[in-house]
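The following exchange examines how certain labels are justified by computed values. The structure is shown first.

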Amino acid sequence: MSEETPTIQLPDPAKLVVSNSPHMRDKPTINKIMFTVVAAMTPALIVAVLFFGLAALEVLVLCTLSCVLAEEGWNKFMKRPSSWKDGSAILTGLLLGMNLNAGAPWWICILGGFLAIILGKQLYGGLGYNPFNPVLVARVGLLIGFPGLMTTWDKPQLGVMGIDGVTAATPLGLAPGETFIKDMVLGNVGGCLGETSVLALLIGGAILIAFKLIKWEVPLMFIGTVFAITGIAHLVNPEVYHSPFVHVFSGGLMLGAFFMATDMVTSPMTHKGAWIFGFGCGLITSLIRLWGSYPEGVSFAILFMNALVPLIDRSTIRKPFGFTAPAKGEA
Amino acid sequence: MSDKPRKFKGGVHPNDSKALSAHKAIQEAPLFDSYKVIMHQNIGAPPELLVKKGDTVKKGSLLANASGFVSVPLHAPTSGTIKAIDKVPGPTGISVPCIEITADGEDEWGSPLEPIADWKTTDAAVLKQRIWDAGIVGMGGAGFPAHVKLSPPEGKTVDTLILNGAECEPYLTADHRLMLEQAEDVVLGAAIIARVLGLKTGIIGVENNKPDAIEALNKVASKYNIKVQGLPVNYPQGAEKQLIYAVTGREVPVGKLPMDVGCVVQNVASAAAIADAVVKGLPSIERITTVTGKPLVEPGNWKFRIGTPVTKALELAGGITEQPAKLLLGGPMMGIAQSSLNVTVMKNTSGVLLISQDEVSQYTSEPCIRCGRCVDCCPMQILPATISQAVENKRFDWAERLNVMACIECGSCSYSCPSHRPLNQQFKRAKIEIQAGLRKKG
């Protein structure tokens with residue numbers, strides 16, 4: 001009888017929680033996922049600051065701050081609980097900074113942050129509900145509003161903690177033959193902050209794939225498709241078209257393929273869908289780069305494919321384990 | 001049959017916490033003052049009551065008789081008098097009829113079942129009848145009557161017997177200890193089931209995280225022409241359909257039964273109970289249960305009589321050092337949380353588990369960020385995130401078209417979701433709604 005052993009304590013049933021199974025949860029939370037992506041971006045951020053100095057740092061800080069402020073301001077306005085701690089606004093801010101020129105004026109950064117958070121995300125219902133990548137919404141919005149400012153690129157100067165107003169064209173803006181793959185890999189080329197070093201972006205991409213935060217099919221198909229199509233064009237007419245290596249190692253392709261197109265919210269959920277999505281991004285990027293009026297096409301390609309994600313998801317609904325086609329006459 | 005098991009797609013790897021009780025040998029629980037035997041312990045029809053208040057019963061004597069084919073008899077766990085036939089909280093929180101027995105302390109044997117020593121020459125039908133008479137159900141959790149699984153209907157042939165020793169649920173070690181300490185009972189049970197099915201052999205599937213159990217089984221397996229198959233450690237490896245795939249490579253079609261691909265799956269504890277029922281004439285009145293959890297003083301594995309109050313089980317484990325957040329019957333992935341301590345050990349109670357306060361937190365479910373983790377880990381290869389959207393919009397027709405009925409409620413999706421969405425719960429609801437809709441249509 002239990003009275004004989006008074007030292008044995010039993011649970012207090014009034015304090016027992018009743019909830020549905022499972023009663024265990026895996027560790028990752030939205031917050032941890034977001035900050036792991038930030039960690040994966042760190043090599044590219046460091047290279048950006050090395051090449052563009054304090055100006056780059058200023059852009060990154062301003063973008064991040066404006067994104068967080070926009071998010072919290074909206075939450076206040078809509079009487080929603082604070083959400084900046086989930087890390088998604090910080091990530092949006094850093095990615096936006098990576099998509100801007102180091103010499104971008106302060107108000108471009110602030111405006112970009114608000115465009116990304118309000119127009120790109122919150123108007124659709126907030127995290128998880130936005131059909132388009134918020135960073136690209138902001139970038140394209142700025143590109144259309146301020147085409148001059150958004151296509152002037154400061155020349156990177158390693159070790160000089162500042163930029164001196166010397167501008168450089170992005171490799172894709174130069175005539176074929178004037179570009180150097182080595183500079184592009186290391187980051188010694190003009191362009192926005194994040195696209196400067198392919199090497200740093202590849203390291204980040206490897207981290208993302210290793211932690212299973214992105215579907216590897218997207219960057220593989222994206223980059224592979226661009227390489228294939230621009231390669232064919234280069235073979236046909238090397239005078240007019242850049243070598244496929246220039247295309248792959250330049251511009252926002254690496255940044256777009258690893259960090260932008262793979263955004264969880266705006267990319268397909270299945271692996272089969274990821275193949276299609278990556279291919280579509282690559283195809284549209286190539287078409288714009290080769291025959292469009294912009295030298296760069298990654299942003300437009302990703303946004304276009306974002307719009308197709310619901311369709312892709314719907315057409316790639318997989319068969320469940322043990323699926324058998326219903327016999328004829330049935331259903 | 002190849003020696004290499006197949007890996008099913010998906011699955012998760014929760015921290016298994018089995019070390020709390022895996023090294024603890026099975027102890028026989030002492031005789032308690034009273035037992036509360038819940039009447040309806042099997043899937044299917046509840047049995048018909050044979051006793052009334054004030055009757056005296058003996059250990060193993062009939063309390064209730066099977067009321068149909070998908071129903072099993074119920075036996076007294078010890079000798080004593082029927083104190084009351086009353087309603088008690090059942091494992092799902094709903095009050096259920098229960099027979100309360102005051103033990104007389106004599107534990108006097110009175111089973112109507114005679115031992116069958118020469119089972120090898122006994123007719124298969126007689127053995128099957130014995131399994132039914134002994135009231136044996138699936139002891140892994142479902143509680144499906146064992147004899148029904150051993151009765152393939154006209155036109156279906158069974159060519160493979162699989163014993164489920166995967167024990168993929170974290171924390172639980174009851175099957176592990178059973179296979180380790182009573183390997184011969186398990187293997188003997190397998191041989192008897194094989195004979196009932198007219199098969200020459202059977203395969204025991206065990207997750208590779210129990211090498212000592214695999215070794216123990218292998219030592220006696222060849223004597224009875226039974227094979228032991230190590231399986232990759234991946235939750236839910238012990239789910240029937242995933243187990244069949246791992247062992248045979250066959251996929252059980254959605255909405256169909258193992259028998260449709262020629263397989264019969266029985267839990268290892270059920271097999272050991274079958275061996276006892278045949279060679280000892282012991283009805284299903286006891287089982288091995290893991291009593292574990294971080295808040296307990298002495299987690300371990302005990303052999304309990306059916307109807308043992310859970311409070312007694314917790315006392316045997318030394319009681320608690322801190323107030324737990326949850327009391328579960330079963331494992332942490334699929335077990336049922338209890339609101340009362342007045343529950344009892346049933347034929348399918350594989351574990352009594354206390355979850356500590358720091359193991360659970362009150363999550364608020366956040367929006368889906370479409371990360372696809374649930375899609376990757378779903379062992380049934382459905383799309384949890386998409387179905388979740390359908391359920392939130394009360395579009396159960398969409399959920400049905402997205403194959404929610406294939407869901408085995410293993411909980412892997414909810415486990416993996418970084419937004420802590422109640423996916424498993426939503427799918428359970430969708431399945432109920434869809435079935436209710438079907439009934440309405442007739």
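Two residues are in contact if their C-beta atoms, placed from the backbone, lie within 7 Å. The model discussed here is predicted.

Q: How many residues does each chain give to the contact between chain A and chain B?
A: Chain B supplies 60 residues and chain A supplies 38 residues. Elements giving two or more residues to the side of chain B that touches chain A include strand 17 (351-355) and helix 13 (423-441) of chain B. That side has 36 nonpolar, 18 polar and 6 charged residues.

Q: Why is Glu409(B) called buried?
A: A residue is buried if 20 or more other C-beta atoms lie within 10 Å of its own. Glu409(B) has 20 other C-beta atoms within 10 Å, and therefore counts as buried. Glu409(B) is placed in the loop between helix 11 (396-401) and helix 12 of chain B, and its phi is positive, near 60 degrees.

Q: Why is Asp107(B) called partly exposed?
A: The class lies between the cut-offs of 12 or fewer for exposed and 20 or more for buried. Asp107(B) has 14 other C-beta atoms within 10 Å, so it is partly exposed. Asp107(B) is not a glycine, yet has a positive phi of about 55 degrees; it belongs to the loop between strand 8 (95-103) and helix 1 (124-133) of chain B.

Q: What is the omega of the cis peptide bond that joins Ser21(A) and Pro22(A)?
A: Omega is about -5 degrees for this cis bond. Pro22(A) occurs in the segment before helix 1 (30-52) of chain A.

How values were computed
Residues numbered from 1 in each chain as written. Chains lettered and ligands numbered in written order. Predicted model: local features only at pLDDT ≥ 70, side-chain atom pairs only at ≥ 80, totals over all residues. Helix = DSSP H or I, 4+ residues; strand = E, 2+ residues; numbered from the N terminus. Nonpolar A, V, L, I, M, F, W, Y, C, P; charged D, E, K, R; others polar.
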